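Work through these three exercises with the structure open. Try each task before you read its solution.

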Amino acid sequence: MTELGPVIRPRRLRTTPALRRMVAETSLEARQLILPVFVREGLTEPQPIGSMPGVVQHSRDSLRAAAAEAASLGLGGIMLFGVPSAKDAVGSGACDPHGILNVAIADVVAEVGDALTVMSDLCLDEFTDHGHCGVLSPDGRVDNDRTLEVYAEMALAQAAAGVHMVGPSGMMDGQVRVIRSALDAAGYTDVSILAYSAKYASAFFGPFREAVDSSLQGDRRTYQQDSANALEGVREALLDVEEGADLVMVKPALAYLDVIRRVRDAVPVPVAAYNVSGEYAMVEAAAANGWIDREPAILETLLAIRRAGSDVILTYWAAEAARLLAR
Ligand code: PBG
């Protein structure tokens, strides 16, 4: 070594796969992954979703099979989204015990029992004909407090169907508090709440709208957050913890890694992040064109979301990533 050679050599810790594995700061494990799934009323066969290659709208039967597979892969959970065949202004299908989401919850719980945490989206946008996450007031705005009454009823329907954890994703003020008290008053004290706390009005939800056959009129900027704001995301998360959230979520993930980190540092509960439809579609589209190497890109994406500070990740790649990690 010449006098000018390095004395400190960080490369030494990168010498072999075994050493790199030993000193890895962040882990990615199947138990940390939650699979979001869509189930559509009236389907007999699963239907592909064009903008999300590899993801389908499930029939009730194919959903049960997907849930059983998720459990056998050791995933952390499954998050159910329902696509009703009829929608109306107040999203009646959401509270109907025979509504698609509620029957699907019961199906999945019957299939997997406690082997997998069964979660459900608690929001009206899949059920309303205008596509908003709440009910509208006569002037066409989303009525926060009337929506809360519907969310409380929806929570009870999901709890009655056997759900383990509800995921309020509508960004209404006070939603966690209202849902917690409705569940508690009905004796569902063990049903937990994964609060979508910092949810941004995002272009990366695009493919999801196709997945749930949504025909959104206008945008969600009066209730979802402005992407300029990170501190506001921390405030939303702190409020949700105060209102009784068991976990808090940041969504989307990739364009908000800083928010994930700030929320992780601010709250004393597990933090989830949602690797959303548009993030999935970007990687799939580039990989299909041969522009990026798909499997390493998937694992790098998920690891980045973990490194930013999320404890668990909702990702359409959950089952595949579990398989990749096992080999
Ligand atoms: C609302 C909801 C949305 C997503 C999950 N829950 C859509 C929205 O707020 O517009 C998006 C998920 C994704 O893009 O993967 N119920």
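A residue counts as buried if 20 or more other C-beta atoms lie within 10 Å of its own, with C-beta atoms placed from the backbone. Keep in mind that this is a predicted model.

**Exercise 1. Check the length of helix α9 (residues 277-288), then find which of its residues are buried.**

Solution.
- Step 1: α9 has 12 residues, and at 1.5 Å a residue it should span 16 Å.
- Step 2: The end C-alpha atoms of α9 are 16 Å apart, which agrees.
- Step 3: Apply the burial cut-off. The buried residues of α9 are Ser277, Glu279, Tyr280, Ala281 and Glu284.
- Step 4: Look for their partners. These buried residues pack against α6 (206-211) and β9 (271-275).
- Step 5: Look past the helix. Glycine 290 follows α9, and its phi is positive, near 75°.

**Exercise 2. Place strand β7 (residues 192-199) among its neighbours.**

Solution.
- Step 1: In β7, 7 of the 8 residues are buried, so the strand is largely enclosed by the rest of the structure.
- Step 2: β7 pairs with strand β6 (residues 165-168) in the parallel sense, over 2 bridges. Methionine 165 has serine 192 of β7 as its bridge partner.
- Step 3: Trace the chain. From β6 it runs through helix α5 (residues 175-185) to β7, a right-handed β-α-β crossover.
- Step 4: β7 also pairs with strand β8 (residues 247-251), again parallel, over 5 bridges. Here alanine 198 is partnered by valine 250 in β8.

**Exercise 3. Sort the shell around the ligand by residue class.**

Solution.
- Step 1: List the shell: Asp121, Cys123, Asp125, Cys133, Ser169, Phe205, Phe208, Arg220, Val276 and Ser277.
- Step 2: Sort the shell residues. They give 5 nonpolar, 2 polar and 3 charged.

Technical notes:
Residues numbered from 1 in each chain as written. Predicted model: local features only at pLDDT ≥ 70, side-chain atom pairs only at ≥ 80, totals over all residues. Near = placed C-beta within 6 Å. Nonpolar A, V, L, I, M, F, W, Y, C, P; charged D, E, K, R; others polar. Buried ≥ 20, exposed ≤ 12 C-beta atoms within 10 Å, placed from the backbone. Helix = DSSP H or I, 4+ residues; strand = E, 2+ residues; numbered from the N terminus. Pairing = 2+ DSSP bridges. Right-handed = clockwise from strand over helix to strand, strands pointing away. Expected span 1.5 Å × (residues − 1). Contact = placed C-beta atoms within 7 Å.
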